[in-house]
Amino acid sequence: MAGKSGSRVPGTLKGLALTFKTAMQTMFPKRGIKTLIPAPSIGAMTVQYPHEADLPTPRARGVISLKEDNCTSCMLCARECPDWCIYIEGHKTLAPPRRAGGKPRSVNKLDRFDIDYSLCMYCGICVEVCPFEALFWTPEYEYSEARIADLLHDKSRLGEWFQTVPDFQPYESGSEAKVEKVPR
Amino acid sequence: MTTTEDIPQITDLDSLDGAIARLVADNSVLHLSQSEAEERSGYQAPTADGMGERMIMNMGPQHPSTHGVLRIVLELEGEVIIRSKPIIGYLHTGMEKTGEELSYLQGPTNVTRMDYASPLFTELAFALAVEQLLGIEVPERARWIRMLMCEANRISSHMLFMATNGMDLGAVSMMLYGWREREEVLRFLELVTGLRMNHNYIRPGGVAADLPDGWKGSLQRAIDPLPERLDEFDILMTGQPIWRERLQGVGVITAEECLTLGVTGPILRSTGYAWDLRKDMPYLHYDELDFDVLVGSYGDCFDRYAIRLNEIRESIGMIRQIVDRMPGGDYKIQDKKVTPPPRARIDESMEALIHHFKIFTEGFKVPAGETYAAVESPRGELGVYIVSDGSARPHRMHVRAPSFINLQSMPHMMRNSLLADTVAIVSSVDPIMGEVDR
Ligand code: SF4
Ligand code: SF4
């Protein structure tokens, strides 16, 4: 209950002391002889972003990368994307036979594979549904753009991100195949 | 703060009739169309029939304390609020309707965006409803993982409340501390789900991925400093005379009024009525956990604050129990109808590949029927009602959003309070506008 005005002072002072203590711990986190050198960037709980990079977890859904050779343009990802932000075009072409003397194989070649990151909601459905291990999450996050239209990234950019895919942690039963298939 | 025992429960329905009559007589809701409001906006001189100086004032939709875009039209007499009306719809995105277009596999990513401060609870309610229709039982481990994640999410949501409540009332350092603690919990959620919010993690049939290596360590880093920090919150806020004077006796509501309005969660518990779905209608394995339902006794803003603060303590205790009891096993159901085949088998068998394509292009069919599943979210009873017509998409999906229903208690709490208390009251209702508008 609200006490008499005289009793307000100790409570207020205690609160102020706590705030002051926390502020001091942030400003002067160093011990020993350096006690009085202010180092807020060490004491702060925040990551001093442009100077030091935040380390996302390996599972972080930062951006989707594409392993172009694995994609068969089956369109499953584009169909299942809840907001239809994957654009795929492809054509059939002949590839050299697997074994010498065999017939040339008919394969699907990707002409276009764009993901519109201004629409993407990072749900991960496309990565989960891709049956041919062509899509991977990577924790990369530095791809902001000045114009929203520039967030449409094509297959070469998605392919560059593929270099940053972390080794998968065991993910689901039978995931070993997926681990092997981060081809590096 | 008292616990469940020795609190009288309301069994007499007549008392609710009394509450309805009182609420109606109270006349605290401002019924005013947009054009009338414009006509009457600004200062109105006292009228002959005894009305004093009145003023219609808009608070929001961009007021910093309205947590998103809530607009409140206030009818003021001097500085006292006579009637008020919350105006919603600024965040309306038609998510319930969108849910009818998305398959049950895509559904969680849609519903998770409703209550963005506690997304896992909406996912859980959706998943429970779909599982009820399917008649499947998810594996033990999936259930415990769900409970673990939800309690962690409850902590982060209540921390958000601590931060914004402090900020709204002028305890600015509290805002920073609340966010600092929340960030640690979110880091754990990110480790497990991959995202800080809108996880799409709890799915019909289990969870999206197993707990990763090192989850215990990360969880401990997030949880272990909390009890000490909560004691700091007690110094900064609970024990503060200024804080108590701002909150005590402000925005009072009674249990009967709460029940007639359908208000649940910390607001209902602050009136002394111990109603918590985790205790009263246990889902998952909450009946096996040892925890207290916290109730207040005055139904004011301070009780609501204190309940949320202590619910964080309860959640920490629950998380410790869950970690100790986390069973092994599968994290999602292995049911051909619902689960796609394991990755490894896709390469080996054409059949598995066809199954994979089929389950994702068609989605899984859910038997016709209707069901309602409810969970206790940090804001109250969060329910998902699904009508299925036997196809792979819900015929109708409705979400009983606690924020939406709690919001209608606001005019009654604000009646005859000061304008400055509006901020305290809005903040103590803790509405998430994404969930209100859906
Ligand atoms: S993450 Fe989701 S929204 Fe984004 S491209 Fe993939 S399926 Fe579409
Ligand atoms: S699902 Fe995979 S293989 Fe099919 S089009 Fe998408 S990325 Fe390519």
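1. Let's start at ligand 1. Its surroundings consist of 14 residues, and the closest are C81(A), C120(A), C123(A), I125(A) and C126(A). Sorted by character, this shell holds 12 nonpolar residues, one polar and one charged. Please keep in mind as you look around that the model is predicted.

2. Now turn to ligand 2. Which residues come nearest to ligand 2? They are C71(A), C74(A), C77(A), C130(A) and A134(A), out of 13 residues around this ligand. The shell of ligand 2 divides into 11 nonpolar residues and two polar ones, with no charged residue.

3. The residues just named as nearest to ligand 2 belong to chain A, so let's look at that chain as a whole. It contains six helices and five strands. Walking along chain A from the N terminus, you meet the elements in the order α-α-β-α-β-β-α-β-β-α-α.

4. How much of chain A is buried? Of its 184 residues, 18% count as buried. As for contacts in chain A with a separation of 6 or more, 63% of them come from residues 24 or more positions apart.

5. Chain B offers a nice helix to inspect: α19(B), which covers residues 419-429. Because nine of its 11 residues are buried, α19(B) is largely enclosed by the rest of the structure. You can pick out the buried ones yourself: D421(B), T422(B), V423(B), A424(B), I425(B), V426(B), S427(B), S428(B) and V429(B). Just after this helix, D430(B) takes a positive phi of about 55°.

6. Next, find the open sheet of three strands in chain B, where the order is β7-β8-β9 and the pairing is antiparallel. Which strands form its edges? They are β7(B), residues 369-377, and β9(B), residues 394-400, each of which pairs on one side only. From one strand to the next, the twist averages 15°. As a general reminder, strands of a sheet pair through backbone hydrogen bonds, in either a parallel or an antiparallel way.

7. Zoom in on one pair of strands in this sheet. Nine bridges join β7(B) to β8(B), residues 380-388, in the antiparallel sense. If you would like a spot to find on screen, look for E376(B), which stands opposite E381(B) in β8(B).

8. Finally, look for the helix that packs on this sheet: α5(B), residues 119-134. Helix α5(B) touches β7, β8 and β9 of chain B. What angle does the direction of α5(B) make with that of β7(B)? The angle is about 150°.

Methods
Residues are numbered from 1 along each chain as its sequence is written. Chains are lettered from A and ligands numbered from 1 in the order in which they are written. This is a predicted model: local features need pLDDT of at least 70, side-chain atom pairs count only at pLDDT 80 or more; totals for chains, interfaces and linings use all residues. Helices (H or I, at least four residues) and strands (E, at least two) are DSSP runs, numbered from the N terminus. A residue is buried if 20 or more other C-beta atoms lie within 10 Å of its own, exposed if 12 or fewer, and partly exposed in between; C-beta atoms are placed from the backbone. Two residues are in contact if their C-beta atoms, placed from the backbone, lie within 7 Å. Two strands pair if DSSP finds at least two bridges between them. Axes are lines fitted to C-alpha atoms, for helices over the stretch in contact, and angles run from 0 to 180 degrees between N-to-C directions. A residue is near a molecule or strand if its C-beta atom, placed from the backbone, lies within 6 Å of it. Ala, Val, Leu, Ile, Met, Phe, Trp, Tyr, Cys and Pro count as nonpolar, Asp, Glu, Lys and Arg as charged, and the others, Gly among them, as polar.
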